[in-house]
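This report is a walk through one protein chain for a reader who has not met it before. The sequence and the model come next, and the text then moves from one part of the fold to another.

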Amino acid sequence: MVEPIHLPSRADRSAALERAGHNVFNLDSEDVFVDLLTDSGTGTMSTAQWAAMFEGDEAYAGSRSFHDLREAVEDVTGLPHTIPAHQGRGAENALYGTLLSEGDVVLNNTHFDTTRAHVANQGAEAVDCPVEGAWDHDSEGEFLGNFSIEKAWDVVDEVGADRVTVVVSTITNNSAAGQPVSLENLRETAQFARDIDALFVLDACRFAENAYFIHEAERSEASERASGETASREREAGQHDRPLAEIARAQFDDADAVVVSGKKDGLVNIGGFVACREESLADRVKARTTLYEGFPTYGGMAGRDLAAMAVGLREAVEPPYVADRVGQVAYLGDLLADADLPVFQPTGGHAVYLDAGAVLTDIPAERFPAQRFVCELYRESGVRAVELGEFAFPGAGRPQLVRLALPRRTYTREHLDHVADGVAAVADRAGEYEGLEVVTEPPMPELRHFSARLRSVPA
Ligand code: F0G
């Protein structure tokens with residue numbers, strides 16, 4: 001599908017920003033030229049996916065499309081039991097609602113927002129275990145998304161092993177700059193979970209991109225120039241000669257259960273699933289799915305959407321696709337790094353993360369420098385990014401990040417050049433901007449960034 005886009009005039013962009021209360025979630029997509037708000041459900045489907053949709057089986061129970069999906073999930077992950085859900089957070093509700101009770105503790109390399117919210121909704125506690133340096137854009141490291149076993153043992157010492165019932169690894173680690181997790185770390189994390197008698201879950205919505213990083217031999221030119229190392233070394237020892245699909249599948253070898261938002265590496269606009277190794281757990285998840293999502297062979301999805309996701313999951317591990325995908329993100333990351341902008345490198349799999357706090361240094365965290373950056377980027381270039389700093393995570397003490405997430409199979413290099421020019425133009429006038437303050441916000445603080453309105457105030 002081809003969709004026309006247009007760049008509104010600067011005056012129109014400024015007016016749209018005012019109407020939106022300086023919150024780009026309140027912008028209409030018609031007012032956006034290049035939309036990098038999220039990579040979730042925003043990609044383009046293939047001819048094979050559209051063809052599969054025409055053959056979708058809309059039966060309420062036991063549809064052919066469900067069996068196609070179940071087979072695809074088993075081929076790609078090795079897990080035999082699949083329970084569809086309308087999207088990732090539906091799958092999270094089905095799984096974590098089944099597994100967790102009041103007082104439990106969940107450890108995760110970093111909880112994504114909806115994961116944290118579902119853990120909290122069960123009266124359980126979400127604790128992040130990122131590795132040292134995960135929040136620092138200057139950090140060097142191939143697998144900065146890893147789960148810190150050391151930190152996890154500290155938590156166990158503090159709260160007791162009995163309370164830690166679920167251990168999660170999120171691949172790639174979306175909240176920590178989209179950085180990958182190594183196979184070795186997945187094995188160690190699974191062993192840690194076994195040692196404390198906890199269940200090991202993979203939040204695997206970007207499983208193909210993560211597998212690509214494990215497989216990768218050559219780093220991007222820019223990071224190579226920075227590190228001065230040769231291009232030919234492997235990221236993870238012994239992995240470069242393995243087929244990508246085999247690595248993708250190996251990631252799931254030790255997982256007891258998997259939650260996936262199909263809107264990422266399922267290459268669909270809507271959908272998700274839980275997959276389980278044991279039938280007994282699958283049966284419990286099915287019971288909750290029936291309550292909240294739908295009969296467990298469709299779980300809130302139309303048959304045609306199940307069919308498209310079955311095809312998408314296989315396409316996601318085709319080497320030319322995923323090399324192009326991660327390469328495009330690296331291309332944008334390299335453009336910004338070459339312009340001396342503080343971006344995380346190596347670039348993550350789905351997005352470029354810019355440390356806006358290190359650019360708009362006159363604006364303190366409580367005046368939302370990253371949100372200001374997002375607003376000015378839209379005003380400058382019609383590009384919509386998203387803030388992941390003090391505005392989205394009040395009081396979390398995280399860096400003031402701007403995320404530029406690339407929809408899959410959608411934009412061209414010209415679009416990315418335009419984005420990079422816009423980012424550089426905003427950074428060039430770093431000293432000129434005011435800060436922001438919240439004027440109205442919703443009652444749940446976790447949801448503030450989705451709908452709050454802000455106004456300019458002196459930094
Ligand atoms: N887990 C991770 C790691 C995610 O990145 C997301 C969604 C979800 C779960 C929830 O899936 O949206 O289908 O309900 N991330 C999107 C983003 C929204 O922009 O990063 P969902």
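Helix α13, which covers residues 319-338, lies across β9 and β12 and runs at about 25° to β9. Helix α14 (residues 369-381) lies across β9, β11 and β12, and its direction makes about 40° with that of β12. The model is a predicted one, and this holds for every value in the report.

The strands under these helices belong to an open sheet of 3 strands, in the order β9-β12-β11, with antiparallel pairing. Its edge strands are β9 (351-355) and β11 (386-388), each of which pairs on one side only. On average, and with direction ignored, neighbouring strands of this sheet are turned by 30° against each other. Between β11 and strand β12 (residues 401-405) there are 3 bridges in the antiparallel sense, and V386 has R403 in β12 as its bridge partner. Strands of a sheet pair through backbone hydrogen bonds, either parallel or antiparallel.

A second open sheet has 7 strands, which follow the order β2-β8-β7-β6-β5-β3-β4 with mixed pairing. The edges of this sheet are β2 and β4 (125-128), each pairing on one side only, and neighbouring strands are turned by 20° against each other on average, direction ignored. Helix α7 (residues 183-195) packs on the sheet, where it touches β3 (105-108), β5 (164-170) and β6 (199-203), and its direction makes about 145° with that of β6. The strands β2 and β8 (residues 272-276) run antiparallel and are joined by 5 bridges; P84 has F273 in β8 as its bridge partner.

Three residues show how the surroundings vary along the chain. T82 lies in strand β2, which covers residues 81-85, and, leaving aside neighbours within four places in sequence, T82 is in contact with F66, L69, R70, V73, F273, V274 and A275. T297 sits in the loop between α11 (279-292) and α12 (303-315). Apart from neighbours within four places in sequence, T297 is in contact with Y60, A61, G62, S63, F66, P84 and L306, and a polar atom of the T297 side chain lies 3.0 Å from the backbone nitrogen of G62. V2 is placed in the segment before α1 (10-19), and the C-alpha atoms of V2 and V343, which are 341 residues apart along the chain, are separated by 31 Å.

| Residue | Relative accessibility | Class |
|---|---|---|
| T82 | 3% | buried |
| T297 | 13% | buried |
| V2 | 82% | exposed |

T297 counts as buried because its relative accessibility is 13% and buried means under 20% relative accessible area.

Taken as a whole, the chain has 16 helices and 14 strands. Its radius of gyration is 21 Å, close to the 23 Å that the globule rule gives for 459 residues, so the chain is as compact as a globular protein of that length. The C-alpha trace spans about 60 × 55 × 50 Å along its principal axes. Of the 459 residues in the chain, 59% are buried, while the exposed area comes to about 18200 Å², with carbon and sulfur atoms supplying 48% of it. Among contacts with a separation of 6 or more, 72% are between residues 24 or more positions apart.

Methods. Residues are numbered from 1 along each chain as its sequence is written. This is a predicted model: local features need pLDDT of at least 70, side-chain atom pairs count only at pLDDT 80 or more; totals for chains, interfaces and linings use all residues. Side-chain values use heavy atoms; hydrogens and water are left out. Two strands pair if DSSP finds at least two bridges between them. Helices (H or I, at least four residues) and strands (E, at least two) are DSSP runs, numbered from the N terminus. Axes are lines fitted to C-alpha atoms, for helices over the stretch in contact, and angles run from 0 to 180 degrees between N-to-C directions. Contact means heavy atoms within 4.5 Å. The radius of gyration is taken over C-alpha atoms; the globule rule is 2.2 Å times the number of residues to the power 0.38. Buried means under 20% relative accessible area, exposed over 50%, partly exposed in between (1.4 Å probe, protein chains only). Accessible areas come from the Shrake-Rupley method with a 1.4 Å probe; for residues, only the protein chains shown count as cover. A polar contact is a pair of N or O atoms within 3.5 Å; within protein, one must be able to donate a hydrogen and the other to accept it, and residues adjacent in sequence count only if both atoms are side-chain atoms.
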